Amino acid sequence: MKPPPVSFHIEVPSNMAHCCNSRGAGQSHSTTRFDSNSAIDVEELDCILNEEHVQLFDVREPSELLETGKIPRSVNIPLDEVEEAFRMTPDKFLEKYKCHKPSKEDSDIVFHCRKGVRSLKALKTVHQLGYTKARHLLPGFAGWADHWKDTNPTKVEKVSK
């Protein structure tokens, strides 16, 4: 029998409160409830990207980024490296991924993949390591790219070798 999802609160900075859509929009308190399978949608990710309050990790394979592009400011950590990466020292993480390692208390960690399956696996992995406030993007990069293809194609960044 599958255990029920774990619930917890994350702190939402007051300047991000309007980004939370149904998860707190228009509410004056500073905490929002998420379950262990926390997902954000395209509009919410766009909002927090614009506010620059996100540590976005793409768990697809590097070859996929070359083929399809990436969400601007995302950092590629393939799924099979996630556990090792989040166990690294901050210095090793910075050296390998060219960004600062998130802390376990950070509430702005978001994973994504093509459709949400691998990002959910990454989310579960980091939750087990203590990063319980991390979330993931549904419907993934495919949904992101489809959402912006006609209105703002700059939301997908080309990747070269």
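Me: How are helices and strands assigned here, and how many of each does the chain hold?

Reply: Helices (H or I, at least four residues) and strands (E, at least two) are DSSP runs, numbered from the N terminus, and by that rule the secondary structure of this chain comes to six helices and seven strands. The model is a predicted one, in which local features need pLDDT of at least 70 and side-chain atom pairs count only at pLDDT 80 or more, while totals for chains, interfaces and linings use all residues. Residues are numbered from 1 along each chain as its sequence is written, and side-chain values use heavy atoms, with hydrogens and water left out. Read from the N terminus, the elements follow the order β-β-β-α-β-α-β-α-α-β-α-β-α.

Me: In which order do the strands of the open sheet stand, and is the pairing parallel or antiparallel?

Reply: Strands of a sheet pair through backbone hydrogen bonds, either parallel or antiparallel. Two strands are taken as paired if DSSP finds at least two bridges between them. Here five strands form an open sheet with parallel pairing, in the order β3-β7-β6-β4-β5. At its edges stand β3 (39–40) and β5, each with a single partner strand, so one side of each is left without a neighbour in the sheet.

Me: What joins β4 to strands β6 and β5?

Reply: Strand β4 (residues 55–58) runs parallel to strand β6 (residues 109–112), and four bridges join the two; two bridges join β4 to strand β5 (residues 75–76), again in parallel. Phe57 is a useful residue to follow: its bridge partner in β6 is Phe111, and in β5 it stands opposite Val75. Together with helix α2 (residues 62–68), β4 and β5 make a right-handed β-α-β unit, where right-handed means that, with the strands pointing away from the viewer, the path from the first strand over the helix to the second runs clockwise.

Me: Are the faces of β4 buried or exposed?

Reply: A residue is buried under 20% relative accessible area, exposed over 50% and partly exposed in between, using a 1.4 Å probe and protein chains only. Both faces of β4 are covered, since Gln55 and Phe57 on one side and Leu56 and Asp58 on the other are all buried. Over the whole chain of 161 residues, 44% count as buried.

Me: How many aromatic pairs does the structure hold, and which residues form one aromatic cluster with Phe57?

Reply: Rings of Phe, Tyr and Trp (its six-membered ring) pair if their centres lie within 6.5 Å; planes under 30 degrees apart count as stacked, over 60 as edge-to-face and the rest as tilted. The structure holds eight such pairs. In one of them, the rings of Phe57 and Phe86 have centres 5.7 Å apart and planes at 80°, so the pair is edge-to-face. Phe57 lies in strand β4 and Phe86 in helix α3 (residues 82–87), so this pair ties together parts that are 29 residues apart in sequence. Phe86 also pairs with Phe93, their centres 5.8 Å apart and their planes at 75°, so that pair is edge-to-face as well. Phe86 is buried, with a relative accessible area of 3%, and Phe93 is buried at 0%. One aromatic cluster is formed by Phe57, Phe86, Phe93, Tyr97, Phe111 and Tyr131.
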